[in-house]
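Biologist: I have a structure open and want to learn to read it feature by feature. Can you take me through it?
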Amino acid sequence: MKHISPILASIALLASLGAVAQTSPRMPMPVPGINVQQLYMAHQKKANDMTKKSDRIYIPTTPGVRVMSQAETARAEAKTKETVKKTLITKMEMTSDNGRREYCNVTYNEYGHFKTLDYGTYKMQYDYEYGYGNHWTKKTVTRVDGNYSTVESKEERTLDNQGRVISIKRYEQADEKMVLASEEAYEYTHNADGMLVKQMVYNIYDGSVNSGLIRQWFAPTKSYVEAEWHNYSEKLELSIGADYYEVKCYEVTYPDYDNYVLTRTERHYYTADGKECGSELTRYNNGKVESKEGSKTEYQYNTPEKGYTTTITNRIDENGMWTKAKKTIATDNYNDPLIPFSGSRSMKRYLYNSYDNSWALKNSCTKEWTEQGYLKQVDVDIEYEYKTGTYYYMYDDKGEKIGYVYPFDNGSYVVEVGENTDESNDIYTYFYTFYDKKGNITRQIKSVEKNNRKDKYTNTEPTYTFYELKNGTWQKLSDKISIGDGNNHIEATLNEKGWLTESREYKDGKVYKRNLYEYTASGYTETSYCILGGQLNKNSLTSVSKDAKGTYTYVHYTYDAMGNVTWARKYVTYANGIQDEYNWDDDRRDFGNAHTSATDLVSTDDQGVTTTIQRVLDPNTNTVVETEKYEEYNTYNRHWSARYTKEDGKWVGTYKEETITSDYISFKVNPLQDPLKANDEYFSYTDDGDKDLLYTMVPLTILYYWNNGEWKIKSKSGREYLVDDNKYIEKEIDIRSKENGYYSERTIVSETTRDANYNIVESNTTQTEITKEPQYDEATESMVVKTSKHNVHEAPDYYTYDSEQRLTKKVSENYDTDYLAKVPQRNLTGRETTVYYYAEMDVVVGIDNVGTNNARPMFAVSGRNISLVNAAPTAMSLYTIDGQLVATSTNGQLTAPANGMYIVKSNGMKAKVVVK
């Protein structure tokens, strides 16, 4: 089974809407020269000019509205016609093993367009009217049954003076008359191949719009803005201004379904060079403005001097009026990636004072590169003094931050990098790498921080342990160390266990933090100092100890600048799990009465399963009672959790769920061919160089129930995925079971096999159904579980291609196997074989003007030699189907390295060619 994303699904939908099938009212015919799939995939990306965003209120864009990527220029005029050889399908024949036979004989007009598709009992007749450049402008499809004929569909196209389609209208039968089913419009000003700028799909019975798409060129971003909707109950209007685009959103009112009411208006602002600078949102209620919000930034380049930009941000206030809000003056490179030695930069930010119409400095920042290649950053914050300081950072050559830097006065430095090395246990590791002034590593230290909040009241070991890398191994560090010695640095003293006994942190040349540690056999005490009242004072004390009875005592105090306790908390945890919590009583200047509870038990085993046992205190017996247990396991692609309750002293499971997500896999294949699709100058299945992408989407979810002391599967649903070389396997699983023994299983295994050219050569779907249910057994006079169904259905399809990769044969088979039969056999229940026949014909084609520089080239193949036709000698490139470059040329000729299928590109044109 093949799965594609919702985006690709919408692409396929739009491609089908833009066409009409040869054997049905709608024929799939993408627009002149436009590769529909490539068009929509390409325009999912935002324009490159919009990478920098202004500081503004964010207004989410209406669904279906987006700015498309930058387009290109127009193509040359088509003037002449020429006869060429073209291989076309002439017959389709389907035979079935039950004797059924169907066929279709295909005839063409001189332009290689379908003339008739004769199915024997009826035929489809195609009539064309032609316009400029031998391109058809009208197609009528008529079904002929004997003497009776019915016009099933019509399509009308208008052409410009170069023979390019600028509009399409399609009509279908409804209530015995032809009605407009869809229409499209195209323009070529900004795209050489044409751009779809309007697409409407109508309800053929009442004429209402089922879905719509409109695009308009937006000069600031040099791209199209697209508005799209897929619901009859809404519609969008798009308008373009000099520096903005605006979207109006309408919805139907009930019960008057024909009346659309304006509900909101979005306006998005841009600078002349394509930079997004703001948006405005207006909501309406019963035709009146309900609310307005938005922001807009004005850019003043080379202000106040060259190399600087001043941005002034205006906001809509509570009265709906625009008012000044903030101003920023920054160097032009301020937001550029911080790549070492990429230039100094600075910024100042101001807030607007509406009372005296003045700007007040809020904060500033300067950034400059040191000789060693790390960044020196100076922050000044007028409102929050603690944010003011000098900081140093190391960045890589992509502008990604590596870590914090502590410099030494002699030019050497230390880089600090932190990482979460054991997330489940809240263990963080900080690595300190020492460099000399030339960038050579001289020393490596790490600090392991155990900061598990779940056992903070019973952990008698300190938070940090230091190690040094010596002779390739990490060894506990006991020494005095200095991480830097400049204005910002750290000094620490360590004992023989690698634990801190004292640490000092300096900021702007002064000690602003100091910690002292005292250790005993029963625990430790940590006393912290920081700047209080303008000088270094004690601000907290934490003590954790354990006595001989296994009782833990945790105490934490905080102090003001005068040394008075401002807050305190004490926890006493006993060996039986009872915990007394004491709050500080300011009146007594001591701890008050205890609040007694029970602690939870938390543990993690070697397999990574975390178990939490919830406990409560029984007030009658003053004992700890276990009430619930919770288990959890979590990795990047697997997660499960289980809950239990205590019954009669045993844990009994109540709920368990597991989710398994397959690793991301992809599998490229060419779309399956339909040789009887419309064959005109605007479409051929070989035009599409892209391939379908099969990839994982649905996880596997398993629910369990508890039975006789163990977990058993209650239901299992989802998909599993596997790629084995040139085979893609997808297994859809649906399993249900009950405690009484009932069991049902339904699995669908889809296998897709491709060849070296990415053509699908085999696809097989195997569906297995198994049912087991309790039944009365007369022999034992009891209920037993028996299998009541075990069927397997297989539906393989086989595809054969000729040397030019055209589909020539398709075989579809069906097999059934009943494994409950006395002699289970795999029975063939049906086989259909479809054969496609082709012939080479002389076809009249429109050829671009040879003398025009922009003429589109054609490619000729002779043996392994590939050459340009109808174009001046120019650069060519040859690629394998999977995109590997194998040959290039500058004179319009090249040679393929071997037989096979290739993609040749030249002058913006690409085509598939077969070398044999």
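Modeller: Start with a strand pair. β36 and strand β37 (residues 565–573) are antiparallel partners, joined over eight bridges. Keep in mind that this is a predicted model.

Biologist: What holds strands of a sheet together in general?

Modeller: Strands of a sheet pair through backbone hydrogen bonds, and the pairing is either parallel or antiparallel. Now the case here. Tyr554 has Tyr571 as its bridge partner in β37. The strands β36 and β37 form a hairpin with five residues between them. Gly563 in that hairpin takes a positive phi near 90°.

Biologist: Which strand does β36 (residues 552–559) also join, and over how many bridges?

Modeller: Strand β35 (residues 535–546), over seven bridges, again antiparallel. Val544 has Tyr554 as its bridge partner in β36. So Tyr554 appears in both pairings: find it opposite Val544, then opposite Tyr571.

Biologist: What does the turn between β35 and β36 look like?

Modeller: It is a hairpin with five residues between the strands. Gly550 sits in the turn with a positive phi of about 85°.

Biologist: How do I read a whole sheet? In what order do the four strands of the open sheet run?

Modeller: The order is β58-β57-β60-β61, with antiparallel pairing. β58 (885–889) and β61 (909–915) are the edge strands; each has a single partner, so one side of each lacks a neighbour in the sheet. Neighbouring strands here are turned by 25° against each other on average, direction ignored.

Biologist: How many bridges join β57 to β60?

Modeller: Four, between residues 876–880 and residues 900–906. Thr880 has Tyr902 in β60 as its bridge partner.

Biologist: Now backbone angles. What sign of phi do most residues other than glycine have?

Modeller: Negative, and most peptide bonds are trans. Look for exceptions. Lys222 is not a glycine, yet has a positive phi of about 55°. Lys222 lies in the loop between β11 (209–218) and β12 (223–229). Asn302 also has a positive phi, near 55°. Asn302 is in the loop between β17 and β18.

Biologist: Which peptide bond is cis?

Modeller: The one from Thr303 to Pro304, with omega near 5°. Pro304 is in the loop between β17 (288–301) and β18 (308–316).

Biologist: Why does Asn302 count as partly exposed?

Modeller: Partly exposed lies between the cut-offs of 20% and 50% relative accessible area. Asn302 has 46% relative accessibility, so it falls in that class. Lys222, at 40%, is partly exposed too.

Biologist: Is Asn707 buried or exposed?

Modeller: Buried, because its relative accessibility is 13%. Buried means under 20%. Asn707 is in strand β47 (residues 700–707). Leaving aside neighbours within four places in sequence, Asn707 is in contact with Lys712 and Glu739.

Biologist: Which residues make the nonpolar surface patch?

Modeller: Leu361, Val380 and Ile382, with an area of about 230 Å². Leu361 lies in strand β21 (residues 358–369). At 34% relative accessibility, Leu361 counts as partly exposed.

Biologist: One last feature: contacts between distant stretches of sequence. How far apart are the C-alpha atoms of Glu110 and Val843?

Modeller: They are separated by 5.7 Å, although the residues are 733 apart along the chain. Glu110 is in the loop between β3 (101–108) and β4 (114–118). Beyond neighbours within four places in sequence, Glu110 is in contact with Asp842, Val843 and Val844. Glu110 is partly exposed, at 47% relative accessibility.

Technical notes
Residues numbered from 1 in each chain as written. Predicted model: local features only at pLDDT ≥ 70, side-chain atom pairs only at ≥ 80, totals over all residues. Heavy atoms only, no water. Helix = DSSP H or I, 4+ residues; strand = E, 2+ residues; numbered from the N terminus. Buried < 20%, exposed > 50% of the residue type's maximum accessible area, 1.4 Å probe, protein only. Contact = heavy atoms within 4.5 Å. Pairing = 2+ DSSP bridges. Axes fitted to C-alpha atoms, helices over the stretch in contact; angles between N-to-C directions. Patch = residues over 30% accessible without salt bridge, like charges linked within 9 Å, V, L, I, M, F, W, Y side chains within 5 Å. Areas by Shrake-Rupley, 256 points an atom, 1.4 Å probe, with all protein chains shown as cover. Salt bridge = Lys/Arg side-chain N within 4 Å of Asp/Glu carboxyl O.
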